[in-house]
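Visitor: I have a structure open and want to go through it with you. Can we start with the backbone oddities and work outward?

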Amino acid sequence: MSGADIHFYFDPVCPFAWMTSKWVRMVTAQRDYTIDWRFISLRLINSGADYDSHFPAGYEEGHTSGLRLLRVAARVRAEHGRSAVGPFYEAVSSEIFDAPGAAELTPVTRGSRAFVEPLLAAAGLPAGLADALDDTRWDEEIRAEGDEALSLTGRDVGTPIIHFSPPGGTAFFGPVISRLPGPDDAVRLWDHVTALADFPGFAELKRSLRERPQLRSFGVDPGTAGTEEDWHAGSRKTAS
């Protein structure tokens, strides 16, 4: 057991997981919660899917880049402890989604050694951990952790998954948010979400019509409203 207040299951190439993680970090800074950052691979939970018929073009490559990065994260955790995963996730996904030029990043680039080595350094970690990008021995651990997350929610979901007050608390897919709230709204939203989580009979609240995520990787400057568009149900298991 991690002893953390929150278990947050993420894939580093999922924009919705990244946006939600930024909100959760804001809340933990005000509430002094602890987070155990855990793994769920979009590529592995969709391993039985026909990507050509179920996903837009390029999604298989995108999900594969996420798996490659999670292998590095798993090695980070094994060699540098659970507390090192959060800084690594933050370094990687902020570069993927929020850095200038994020919209031009390709899946091949973000799953490469040239991409990950400087981000390891930024997180205070050895560049040699990038050797894990191609090391499939980590896949069993990543798959098991994803199965753990889905056992808490049911399998018809994607990322992120948050387990509140583990081990006995409730876990949910999401919440999916398209923009980062301000500090006061961040805590207010958290209190509403956890109030729902505290009721054992609550199962789902969903709205498919959303604005584009306020991330540079989507060509949107953070804080600038995007356009409303329908993110189809398949977006639950996809990442840009």
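Visitor: Where does Pro 160 sit?
Guide: In the loop between α8 (139–153) and β3. Bear in mind that this is a predicted model. The peptide bond from Thr 159 to Pro 160 is cis, with omega near 5 degrees.

Visitor: And the bond from Pro 166 to Pro 167, cis or trans?
Guide: Cis as well, with omega near 10 degrees. Pro 167 is in the loop between β3 and β4.

Visitor: What is phi at Ser 165?
Guide: Near 50 degrees, so positive, in a residue that is not a glycine. Most residues other than glycine have a negative phi, and most peptide bonds are trans. Ser 165 is also in the loop between β3 and β4.

Visitor: Is Ser 165 buried or exposed?
Guide: Exposed, because its relative accessible area is 55%.

Visitor: Which loop holds Asp 32?
Guide: The one between α1 and β2. Asp 32 has a positive phi too, about 60 degrees, and it is not a glycine. With a relative accessible area of 67%, Asp 32 is exposed.

Visitor: On to the sheet. What is the strand order?
Guide: β2-β1-β3-β4, in an open sheet of four strands with mixed pairing. β2 (35–39) and β4 (171–173) are the edge strands, and each pairs on one side only. On average, neighbouring strands are turned by 20 degrees against each other, direction ignored.

Visitor: How do β1 and β2 run, parallel or antiparallel?
Guide: Parallel, joined by five bridges. β3 (residues 161–164) and β4 pair in the antiparallel sense over three bridges. Ile 161 has Phe 173 in β4 as its bridge partner.

Visitor: How many residues of β2 are buried?
Guide: Five of its five, so the strand is mostly covered. Both faces are covered. Ile 35, Trp 37 and Phe 39 are buried on one side, Asp 36 and Arg 38 on the other.

Visitor: Which residue in β2 stands opposite His 7?
Guide: Asp 36. His 7 is in strand β1. At 5% relative accessibility, His 7 counts as buried.

Visitor: What does His 7 touch?
Guide: Leaving out residues up to four places away in sequence, it touches Ser 2, Asp 36, Arg 38, Ile 161, Ile 162, His 163 and Pro 166. The side chains of His 7 and Arg 38 also share a polar contact of 3.3 Å.

Visitor: Which helices lie across β1 and β2?
Guide: α1 (residues 15–31) lies across β1 (6–10), β2 and β3, at about 160 degrees to β1. α5 (residues 85–97) lies across β1 and β2, at about 65 degrees to β2.

Visitor: I clicked on Ser 94. Which helix is that?
Guide: α5. Ser 94 is partly exposed, at 25% relative accessibility. Its side chain reaches the backbone oxygen of Ala 91 at 3.2 Å.

Visitor: And which residues does Ser 94 touch?
Guide: Trp 18, Tyr 89 and Ala 99, again not counting residues up to four places away in sequence.

Visitor: Which aromatic cluster do Trp 18 and Tyr 89 belong to?
Guide: One formed with Phe 8, Phe 10, Trp 37 and Phe 39.

Visitor: How many aromatic pairs are there?
Guide: The structure holds 12. Take Phe 172 and Phe 202: the ring centres are 5.5 Å apart and the planes are at 75 degrees, so the pair is edge-to-face. This pair links distant parts of the chain, 30 residues apart. Phe 172 is in strand β4, and Phe 202 is in the loop between α9 (183–198) and β5 (209–211).

Visitor: Are those two rings' residues buried or exposed?
Guide: Phe 172 is buried, at 13% relative accessible area. Phe 202 is partly exposed, at 22%.

Visitor: Zooming out, how many helices and strands?
Guide: Nine helices and six strands. The C-alpha trace spans about 45 × 40 × 35 Å along its principal axes.

Visitor: What is the radius of gyration?
Guide: 17 Å. A compact globule of 240 residues would have a value near 18 Å, so the chain agrees with that.

Visitor: What share of the residues is buried?
Guide: Of the 240 residues, 50%. As for contacts with a separation of 6 or more, 70% come from residues 24 or more positions apart.

Terms used
Residues numbered from 1 in each chain as written. Predicted model: local features only at pLDDT ≥ 70, side-chain atom pairs only at ≥ 80, totals over all residues. Heavy atoms only, no water. Pairing = 2+ DSSP bridges. Helix = DSSP H or I, 4+ residues; strand = E, 2+ residues; numbered from the N terminus. Axes fitted to C-alpha atoms, helices over the stretch in contact; angles between N-to-C directions. Contact = heavy atoms within 4.5 Å. Buried < 20%, exposed > 50% of the residue type's maximum accessible area, 1.4 Å probe, protein only. Polar contact = N/O pair within 3.5 Å; in protein donor to acceptor, adjacent residues only side chain to side chain. Phe/Tyr/Trp six-rings, centres within 6.5 Å; stacked < 30°, edge-to-face > 60°. Rg over C-alpha atoms; globule rule 2.2 N^0.38 Å.
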